There are 2 protein chains.
Amino acid sequence: MRDNSTPLYQSLADELRAAMNDGRLPAGARLPSVRDAARARGLSINTVLAAYRQLEARGLVEARPQSGYFVRSRLPSPPAPRFGDGITRAQPAQPSVLDRIAVAVAAQTDPATIDLSLACPKGSDFYPGERLARLVAELARRQPELLSDYSLPPGPARLRREICRHALDLGVTLAPDDIIVTNGCMEALQLALRAVTRAGDTIAIESPTYFNLIPLAEQLGLKTIEVPTHPDTGMSLDALELLLSERRIQAVFTMPTVHNPLGTSMPVASKRRLAALANEYRVPVIEDALYAELQFATPLQPLVKAFDRDGWVIVCSSYTKSLAPGFRIGWMAPGRFHRQLASLKFCSSVAQPALLSEALGAFLESGGHAQHLRRLRRAYAGQIDRLRGIIDDAFPPGTRATEPSGGFLVWVEMPEGCDANQLFDAALARGISITPGNLYSPSGRYRRHIRLSGCYPYTDRHIHALHTLGNLAARQLGG
Amino acid sequence: MRDNSTPLYQSLADELRAAMNDGRLPAGARLPSVRDAARARGLSINTVLAAYRQLEARGLVEARPQSGYFVRSRLPSPPAPRFGDGITRAQPAQPSVLDRIAVAVAAQTDPATIDLSLACPKGSDFYPGERLARLVAELARRQPELLSDYSLPPGPARLRREICRHALDLGVTLAPDDIIVTNGCMEALQLALRAVTRAGDTIAIESPTYFNLIPLAEQLGLKTIEVPTHPDTGMSLDALELLLSERRIQAVFTMPTVHNPLGTSMPVASKRRLAALANEYRVPVIEDALYAELQFATPLQPLVKAFDRDGWVIVCSSYTKSLAPGFRIGWMAPGRFHRQLASLKFCSSVAQPALLSEALGAFLESGGHAQHLRRLRRAYAGQIDRLRGIIDDAFPPGTRATEPSGGFLVWVEMPEGCDANQLFDAALARGISITPGNLYSPSGRYRRHIRLSGCYPYTDRHIHALHTLGNLAARQLGG
């Protein structure tokens, strides 16, 4: 029933808000298109737009380019990780941390376990598996020698050309000869770290950081210094500059664009400053850009590499998260370290499979990638919203979660009194796998944090598992 | 015209010897089958056999199981590398060595260059490229998720099962859980070396050794000690035991079965002793078994790993040379170092492409591998004979070459006065690529040695290039 004293747009906004509150429009749901809503209700386009914009201004819905308005999760603002004790010298990774990574990975290969945390897309139709399969099959038929010929570096020219073309979208101008193709991003990071450090060196890393970096640094005999990293502003550049000015670090490892595990990005001005620091202090910055193509907002924000003057930034990435999880094809642009890296790659693993490198080059050249990325970004933006909505419903009050700028990872801070390691054990006993926060810190911080992943299409089983997890967390509070 | 005073078998033997001398039966040629020769000449089977056996006894032909008799090259006996100065402390690899490797590899990707040296099969019908291509295409069609799903360690169970089944032929009993799948053999070697050493350690290596090991060891901060390695007897175990007893080495790297670059194998009794030394001194032995399946004689001789009691031998291999050069799929069985290696593999490159690992598993399971290997061994035995024959014809007198027990590599020692580095430059100027001997020694030994490869099916262009090379070598002697 319409109240004539209320503006038309306000009635519509109120009605939609009520639907959100009682669950008819859950987090992640798409509002009707402006045109459809106007037609269905006999309203003008401008009236509907005014209603939607009010909801947007109040943080209840968000507009996504070319796809419409979506209901946002009502989860509270992202956490500010506490660094009361400032910069901390790292401890060696505890064996139990490696064990937890191993258990979490092993659990994912067991179909009986529900994985809620790993960043390993499986069984998803978000990726063009069938199209890639047709391409691979056709290439194998037309060029069977790709299977029986030896693969040699530096990898197919077409693939390297396409990598350069797509890097332009991230503000980076590269030539095919700047590119070294690798076995996924992990190999690129590993080679970069080996090339620019020696055992006994110290590197600055973000806190939290990508978990695999911790055993890798330890195995290479590197000391790590955790630099406080805020979801909104990224690695503290003041802290980093202090370390650089004291000559205490030989390299910097950073994931400034869609961070793992935070899911958020460093502002562009800070990226510019980070590149300037690398060049001024002549200290290599290893930039992990694995999720950069999965930024939700377009145009994409540029990488740190975009502001690199003298080649001190080594950028590493891959198509593992953005296009072809099964290919394991990554790349790096090592700047001034190109010669060392080309040699190191050759004596570390020689090359990649020719068939898959060529198929990837062909797919990228065909122009399908831009369209696929648009679809994938929308899908993951929806997944993230849905995940944040479920966290909001399922976890105890006081839980906070980051608001990712891309990708499919959310960093969750549970209230004081929760223990993520105990939660890991309790969840695993129920066939649910998560990664506890201390995996992401060499000194074992983040004991009430977990990373959750929205890379799996949600089934009832997943949603039920997330609720179970929330209940287990609530139980830790003695509720 | 038959001379009745000469036995029938002797007439036949003389006739064949004449044909070998005047080139009608060149090195590598197959004699008519015993049955065909008997039928064609109206002789008994026993008479033909007697003639063939005389030629065999005189070293002119050789019998190969299930394929017949082949004309042997008349090249002199293999060289005994000189180690007048005994064990030598290594020098860092000269940059020019790395440059030569890079030039040789780059040359191979240039279709205008004729490569005579690299171990990179290309454009060969020795490998079942079409059958693998059909398998890959079919698998991609039936299971497109292999391209869009994440690959996780430890790799497909079927592939690991098949690796174990085939390892039995090399005397090694393994379980699928013992296996870590890798990006080719090179990654396996690299991980093994990283797992068992720390910067500053010293490792014992063969001299000559696989060239890529030298920059790898240097990059890892490892010192190397070159242990004299004879084509007939392998690495000197007396020298090695001295080093072990003095606690001067933290690991041993060896390629005892079809060595690269020698092409020859260590006797089985020595392999047994090497395994015993590793277990007695508790020092890890990294055994590179890349060419072991390509041994010419069957049953295959066992690996060092076959005699490993307590898991001190880390065996590394791959299907790159034996089945699918384009797949880049290798494996390792790290024995007592399994846990470290599994962790190191995960934080170094995570996994391999699922589609290719599954396709390889399917091919191996189908039973096609044994038949393919039989064919490949025959092909390479023929190539090697032919190569040795051409070396004999084309190179200056006094040239010696190893007599490989498998694979497709021959190690050539040119006479005093030849210089392999100058030969490299002169050959490259004529569009021919070789690898000079000092690439195979960290201290720059083997300045008049080159490695030649028989992995390319011989064309007139190849044969002409080998003759050009021989002429260039002769010219160095001022002939």
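## Two chains and their sheets: worked exercises

Chain B and chain A bury about 5,000 Å² between them, and 61% of that area is on carbon and sulfur atoms. Keep in mind that this is a predicted model. Here are some exercises to work through with the structure open.

### Exercise 1: Describe the interface

Task: find how many residues of each chain are in contact, which polar links cross the interface of chain B and chain A, and which helices of chain B supply its side.

Solution. Start with the contacts: 64 residues of chain B touch 64 residues of chain A, counting heavy atoms within 4.5 Å. Next, look for charged pairs: the rule finds 0 salt bridges across this interface. Then turn to polar contacts, where the rule finds 24 residue pairs, both residues at pLDDT 80 or more. Finally, locate the helices. Those of chain B that each supply at least two residues to the side touching chain A are H4 (95–109), H5 (129–142), H6 (145–148), H8 (184–196), H9 (213–219), H12 (338–349) and H13 (354–365).

### Exercise 2: Relate the copies

Task: work out what rotation superposes chain B on chain A, and which C-alpha of chain B is nearest the axis.

Solution. Begin with the superposition: a rotation of 180° with 0.1 Å of shift along its axis brings chain B onto chain A, at an RMSD of 0.2 Å. The two copies are therefore related as by a two-fold rotation axis. Now follow that axis in chain B: the nearest C-alpha belongs to Ala137(B), 2.0 Å away from it. As a last step, compare the surfaces: 100% of the contact residues of chain B recur in chain A, so the same surface serves both copies.

### Exercise 3: Trace the sheet in chain A

Task: give the strand order of the open sheet in chain A, and say which helix packs on it.

Solution. The 4 strands run in the order E13-E14-E17-E16, with antiparallel pairing. At the edges are E13 (400–401) and E16 (435–436) of chain A, each pairing on one side only. Inspect E14 (409–413) and E17 (449–453) of chain A: 5 bridges join them, and Glu413(A) has His449(A) as its bridge partner in E17(A). Then add helix H14 (368–394) of chain A, which touches E13, E14 and E17 and makes about 20° with the direction of E14(A).

### Exercise 4: Look at an edge in chain B

Task: which residue of E17(B) stands opposite Thr435(B)?

Solution. First find the strands: 2 bridges join E16(B) to E17 (449–453) of chain B, and the two run antiparallel. Within E17(B), Arg451(B) stands opposite Thr435(B).

How values were computed
Residues numbered from 1 in each chain as written. Chains lettered and ligands numbered in written order. Predicted model: local features only at pLDDT ≥ 70, side-chain atom pairs only at ≥ 80, totals over all residues. Heavy atoms only, no water. Least-squares fit on C-alpha atoms with pLDDT ≥ 70 in both. Pairing = 2+ DSSP bridges. Axes fitted to C-alpha atoms, helices over the stretch in contact; angles between N-to-C directions. Buried area = accessible area lost by both parts, 1.4 Å probe. Salt bridge = Lys/Arg side-chain N within 4 Å of Asp/Glu carboxyl O. Polar contact = N/O pair within 3.5 Å; in protein donor to acceptor, adjacent residues only side chain to side chain.
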